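Me: I would like to go through this model with you, beginning with its overall fold and then turning to its pocket. Could you set out the reasoning behind each answer?

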Amino acid sequence: AYDRKGKIIIPAFSVGRTQELVYVLHKLSVEGKIDDLPVFVDSPLSVNVTDVFKKHPECFDKETLDILSSPTNNDPFGFERLRYVRTVEESIELNDRTGPFIIIAASGMCEAGRIVHHLANSVADPKNMILIVGYQAENTLGKKLVMKEPVVNIHGEPHELKAEVIVLNSFSGH
């Protein structure tokens with residue numbers, strides 16, 4: 001997707017999964033393992049939950065505290081290419097933005113929330129990638145993407161699935 005100048009769309013749950021993804025992207029970036037890509041977290045709930053994570057380090061276990069206090073981590077929830085999208089207007093602007101970049105948005109199974117709009121604007125473009133990082137229940141849009149159905153319905157409208165779909169089961173809690 002990076003070479004194609006496409007978008008990488010990642011549906012993620014707002015509590016826990018989004019923060020884990022942000023941390024992993026930060027770590028991979030610090031280690032020079034991924035290209036410099038802008039990352040947008042586009043979910044009001046995810047933004048609010050991340051704020052809670054930042055304000056309450058006393059809730060982290062020792063391993064997490066050690067990782068977060070490492071000199072290379074700085075602020076894994078606020079690295080320089082990361083932007084938290086709060087308004088609907090900012091979210092809509094992402095549809096017209098040219099890639100490459102990453103959007104992490106809720107809901108994790110692609111059934112509601114801002115992810116649905118990003119998918120509607122991205123699934124038909126072969127430059128784009130949909131990165132599935134969690135379990136997808138039967139009959140959900142997320143499962144249909146995992147199964148690479150040639151046409152998926154979004155907002156009651158058929159959309160050809162031409163975007164690349166990658167599944168990383170290692171993030172799933174199932």
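Reply: A contact here means that heavy atoms lie within 4.5 Å. The model is a predicted one, and the answers below should be read with that in mind.

Me: Among contacts in the protein between residues at least 6 apart in sequence, what percentage join residues at least 24 apart?

Reply: The elements, taken from the N terminus on, run β-α-β-α-α-β-α-β-α-β-α-β-β-β, and together they come to six helices and eight strands. When the contacts between residues at least 6 apart in sequence are considered, the share that joins residues at least 24 apart is 75%.

Me: What percentage of the residues of the protein count as buried?

Reply: The accessible surface comes to about 9,200 Å², and 54% of this area belongs to carbon and sulfur atoms. Buried means under 20% relative accessible area, and of the 174 residues of the protein the portion that counts as buried is 44%.

Me: Which element gives the most to the lining of the largest pocket?

Reply: The largest pocket holds about 300 Å³ of space, and of the 17 residues that line it, the closest to its centre are Leu25, Leu28, Ile34, Ile102 and Leu131. At least two lining residues come from each of β1 (7-11), α1 (17-30) and β5 (129-132). With four residues, the element that gives the most to this lining is α1.

Me: How many residues of the lining of the largest pocket are nonpolar, polar and charged?

Reply: The residues closest to the centre of this pocket include Leu25 and Ile102, and both leucine and isoleucine count as nonpolar. Over the whole lining, the residues divide into two charged, no polar and 15 nonpolar.

Technical notes:
Residues are numbered from 1 along each chain as its sequence is written. This is a predicted model: local features need pLDDT of at least 70, side-chain atom pairs count only at pLDDT 80 or more; totals for chains, interfaces and linings use all residues. Side-chain values use heavy atoms; hydrogens and water are left out. On a 1 Å grid over the protein atoms alone, a cavity is a set of points where a 1.4 Å probe fits but cannot get out, and a pocket is an open set with protein on both sides within 12 Å along at least five of seven lines; lining residues have an atom within 4 Å of a point. Grid points are joined across faces, edges and corners, and a volume is the space filled by probe spheres set on the points. Buried means under 20% relative accessible area, exposed over 50%, partly exposed in between (1.4 Å probe, protein chains only). Accessible areas come from the Shrake-Rupley method with a 1.4 Å probe; for residues, only the protein chains shown count as cover.
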